[in-house]
Every structure is written in C-alpha cells, then in structure tokens.
Amino acid sequence: MGNREDLLAGALECLKTKGWMRTSVRDIAAAAGVNHAAIGYHFGSREALLIEAFTQAMDTWGGEAESAVRAAVTADAGPSEQYEAFWRQVIASYAANRWLWLATVEAAVQAEHSPKLRALMAGSMRQGRSGLAAGLLGVAEHTLPGPVERTVGSVQLALMSGVLVQWLIDPDNAPTEQEIVAGVLGLADHVNGSGRD
C-alpha cells in the first residue's frame, strides 16, 4: 500500500480502537507507520482523513448489510417475518460493528462543528431513507414515490437510530427483533384505533 492507503487503514484502526474524538494526528500516523505530515499532504487535515475512512467503512458495511438482509429474507416469508429478519440482521450488526456505530454517533456530534461532515451525513441520511423504504417495500429505489421516502423511510431511520442508542448504552435490555416488530404492530393498531391485546 502507498502512504494514502496506509493512512486510511490507520485512521480506520483508530476509529475502531479510540473513537472519533480521541483519535489524534499522531495516533493515525503511528497506526499507519508514516510521518504525520503525510496526513496534510494526502488529505489536508485529520478531519478530512477521518471522514474518508468513515465513509469507506459505512459503504462497506452498507453493502454487507444489504446482502445479509436479502439472504435472511425468504420468498415465502410474510411481511412480519421479513421485517423481523431485517431487524435480526440490523441488531447483529450493532453487536458485530459496535465501533462503527459509536463512530457514527460521535460523527453526528462533530457534524455540528464541521460543515463538510454535516453535508456528508445529511446526504447519507437522504440516501438511507430512500434505500430503507425501497428495501422494506421490495421495490426498486428509483421507482419509489417521494412521499414514501419521507414517511416510511424517515420513520424506519428514526427507529433504527433509537434502537441503536439502546443497543449501545444498554445491550442487555435493548429490544429484540421480535419485540421491535410487536411494538411496531402495536403502535399501528393504536394509531388505527383498533387496539391489540
């Protein structure tokens, strides 16, 4: 690998072990085995390097998660079973990639002070809403009506964010996939006025 790739690998390792806020230029340089001046030469700043490493990690995770969810959902499963399979994969990812999700929370805080990071995360949220809605409804993303992205996609993203925080802070008491599906169905019944025993 060249210095640029070494720095990306070093930044990713630091995100895993130290998190966003505690990672310094010297930490990244040491993990990459290069002089810290190389960060400025290749990326301009620590922030730019962390953003690129974080983006690559999220892109990799997104592809893996999509494949895992598709593999978990069988053609003969009903909507509730498919939604449960989706959540099973998401929760497994929260456990397996805890460092990545912690970095996401830290990045959200840092975005308040970084217009570049804020724009990146805002774009990711828009893509996430669209991709989630299309995946859950089983339609191609380019055919998804705009309001569905703003409704189904936004609510699903909100659910995932809330469940993520529960799994990060109190995994022993965080909801299971079965409880999440039961909760969504219970809320739907309540909103529809039908009630569920």
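**Entry 1: Leu117**

I began with Leu117 and looked up its contacts, setting aside neighbours within four places in sequence; Leu117 is in contact with Trp20, Ile51, Ala107, Gln110 and Ala111. I note here that the model I am reading is a predicted one. Leu117 belongs to helix H7. I then asked whether Leu117 is buried or exposed. Its relative accessible area is 0%, so Leu117 is buried, the cut-off for buried being under 20%.

I also looked up how Leu117 and Ala107 are placed. They are 10 residues apart along the chain, and their C-alpha atoms are separated by 7.6 Å.

**Entry 2: Ala107**

I followed the contact from Leu117 to Ala107. Ala107 lies in helix H6. Its relative accessibility is 0%, and Ala107 therefore counts as buried. Which residues does Ala107 contact, leaving aside its neighbours within four places in sequence? I found Trp20, Phe54, Leu117 and Met121. Trp20 had already appeared among the contacts of Leu117, and I now record it for Ala107.

I looked up one further spacing for this residue. Ala107 and Arg118 are 11 residues apart in sequence, and 8.7 Å lies between their C-alpha atoms.

**Entry 3: Ser114**

I turned next to the loop between helix H6 (98-110) and helix H7 (115-137), where Ser114 has its place. Is Ser114 buried or exposed? With a relative accessible area of 3%, Ser114 is buried. Apart from neighbours within four places in sequence, Ser114 is in contact with Glu47 and Ile51. I had met Ile51 before, as a contact of Leu117.

**Entry 4: Phe43**

I looked up a second loop residue, Phe43, which lies between helix H3 (37-42) and helix H4 (46-72). Its relative accessibility is 12%, so Phe43 counts as buried. With neighbours within four places in sequence left aside, Phe43 is in contact with Arg4, Leu7, Leu8, Ala48, Leu49 and Glu52. I checked the spacing to one of these contacts, Arg4. Phe43 and Arg4 are 39 residues apart in sequence, and their C-alpha atoms are 8.2 Å apart in space.

**Entry 5: H5 against H8**

I then moved from single residues to pairs of helices. Two packed helices are described by the angle between their axes and by the distance between those axes. Helix H5 (residues 79-96) packs with helix H8 (residues 146-169) at an angle of about 45 degrees, and their axes are 11 Å apart. That angle makes H5 oblique to H8. The crossing of H5 past H8 is right-handed.

Which residues make this contact? On the side of H5 they are Tyr83, Phe86, Trp87, Val90, Ile91 and Tyr94. On the side of H8 they are Gln156, Leu159, Met160, Val163, Leu164 and Trp167. I sorted the contact of H5 with H8 by class and recorded 11 nonpolar residues, one polar residue and no charged residues.

**Entry 6: H5 against H9**

I repeated the reading for H5 and helix H9 (residues 177-192). They pack at an angle of about 130 degrees, with axes 8 Å apart. H5 and H9 are therefore oblique to each other. H5 passes H9 in a right-handed crossing.

From H5, the residues that meet H9 are Ser80, Tyr83, Glu84, Trp87, Arg88 and Ile91. From H9, they are Glu177, Gln178, Ile180, Val181, Val184 and Leu185. The contact of H5 with H9 divides into seven nonpolar, two polar and three charged residues.

**Entry 7: Ile180**

I selected Ile180, which is found in helix H9. At 8% relative accessibility, Ile180 counts as buried, since the limit is under 20%. Not counting residues up to four places away in sequence, Ile180 touches Trp87, Ile91, Val163 and Pro175. Trp87 and Ile91 also stand in the list for H5 against H8, as does Val163 from H8.

I compared its position with that of Gly63. The two residues are 117 apart along the chain, and their C-alpha atoms are separated by 23 Å.

**Entry 8: The whole protein**

I closed with the protein as a whole. What does its secondary structure come to? I recorded nine helices and zero strands. Of the 197 residues, 35% count as buried. The C-alpha atoms fill a box of roughly 65 × 40 × 30 Å along the principal axes.

The protein exposes about 11200 Å², and carbon and sulfur atoms supply 56% of that area. Among contacts with a separation of 6 or more, residues 24 or more positions apart account for 59%.

Technical notes. Residues numbered from 1 in each chain as written. Predicted model: local features only at pLDDT ≥ 70, side-chain atom pairs only at ≥ 80, totals over all residues. Heavy atoms only, no water. Axes fitted to C-alpha atoms, helices over the stretch in contact; angles between N-to-C directions. Helix = DSSP H or I, 4+ residues; strand = E, 2+ residues; numbered from the N terminus. Parallel < 35°, antiparallel > 145°, perpendicular 65-115°, else oblique. Left-handed = near helix turned anticlockwise from the far one by under 90°. Contact = heavy atoms within 4.5 Å. Nonpolar A, V, L, I, M, F, W, Y, C, P; charged D, E, K, R; others polar. Buried < 20%, exposed > 50% of the residue type's maximum accessible area, 1.4 Å probe, protein only. Areas by Shrake-Rupley, 256 points an atom, 1.4 Å probe, with all protein chains shown as cover.
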